[in-house]
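Me: I'd like a close look at one part of this structure, please. Could you pick a well-packed spot, start there and work outward in one connected account?

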Amino acid sequence: MLGLIDAALGRKEEALREARSAVELLPPEKDAIKGTRMIVCLARIAASVGDKDLACEQLARASRLSSGVSYGDLKLEPWWDPLRGDPCFEQIVASLAPN
């Protein structure tokens, strides 16, 4: 949560540091649901501060986890707007599309 606040206040480095710390403290191996949420939150923060590479890296990681992101989340949620049109992001979205 602190990372999201820092991102909203324009504190890029602090936001990313807080988010990375949260992922380290609660990895998916320790808690599948909350740990995955931390990865998605890191991706949201990275997207909001303009770090598209990190955001896509974390989304790709979350997309491989059972409680990760869904096709609908990526297509509809506004916090992914900064990534729309990015080839990496669009590839992740396509990989989650229903058959």
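Reply: Happy to. Let's start with Trp 80 in this predicted model. Leaving out residues up to four places away in sequence, Trp 80 touches Val 40, Ala 43, Arg 44, Ala 47, Leu 59, Asp 73, Leu 74 and Phe 89.

Several of these names come back when we turn to the largest nonpolar core, which has 26 residues. The members that touch the most other members are Leu 16, Ile 45, Leu 59, Leu 74, Trp 80, Leu 83 and Phe 89. Two or more residues of this core come from each of α2, α3, α4 and α6, the last of these covering residues 87-96. Helix α3 gives the largest share, eight residues.

From here, α4 is a good helix to follow, and Leu 54 is a handy way in: Leu 54 sits in this helix, which runs over residues 52-63. Is Leu 54 buried or exposed? Its relative accessibility is 8%, and because buried means under 20%, Leu 54 counts as buried. Setting aside neighbours within four places in sequence, Leu 54 is in contact with Leu 16, Arg 20, Leu 42 and Ala 46. As for Thr 36, 18 residues away along the chain, its C-alpha atom is separated from that of Leu 54 by 15 Å.

Leu 54 has company in α4: the buried residues of this helix are Leu 54, Ala 55, Cys 56, Gln 58, Leu 59 and Ala 62. They pack against α2, α3, α5 (71-76) and α6. The helix also passes a simple geometry check: at 1.5 Å a residue, its twelve residues should span 16 Å, and the end C-alpha atoms are 16 Å apart, so the two agree.

Now for the empty space. The largest pocket holds about 230 Å³. Its lining is made up of 13 residues, and Met 1, Ala 22, Arg 37, Met 38 and Cys 41 lie nearest the centre. The elements that contribute two or more residues to this lining are α1 (2-8), α2 (12-25) and α3 (32-48). Which element gives the largest share of the lining? That is α3, with seven residues. By class, nine of the lining residues are nonpolar, one is polar and three are charged.

Putting the pieces side by side, α3 provides the largest share of the core and also the largest share of the pocket lining, while the buried residues of α4 pack against α3 among other elements.

Key: Residues are numbered from 1 along each chain as its sequence is written. This is a predicted model: local features need pLDDT of at least 70, side-chain atom pairs count only at pLDDT 80 or more; totals for chains, interfaces and linings use all residues. Side-chain values use heavy atoms; hydrogens and water are left out. On a 1 Å grid over the protein atoms alone, a cavity is a set of points where a 1.4 Å probe fits but cannot get out, and a pocket is an open set with protein on both sides within 12 Å along at least five of seven lines; lining residues have an atom within 4 Å of a point. Grid points are joined across faces, edges and corners, and a volume is the space filled by probe spheres set on the points. Helices (H or I, at least four residues) and strands (E, at least two) are DSSP runs, numbered from the N terminus. Ala, Val, Leu, Ile, Met, Phe, Trp, Tyr, Cys and Pro count as nonpolar, Asp, Glu, Lys and Arg as charged, and the others, Gly among them, as polar. Buried means under 20% relative accessible area, exposed over 50%, partly exposed in between (1.4 Å probe, protein chains only). Contact means heavy atoms within 4.5 Å. A nonpolar core is a set of buried Ala, Val, Leu, Ile, Met, Phe, Trp, Tyr and Cys residues joined through side-chain atoms within 4.5 Å. The expected span of a helix is 1.5 Å times one less than its number of residues.
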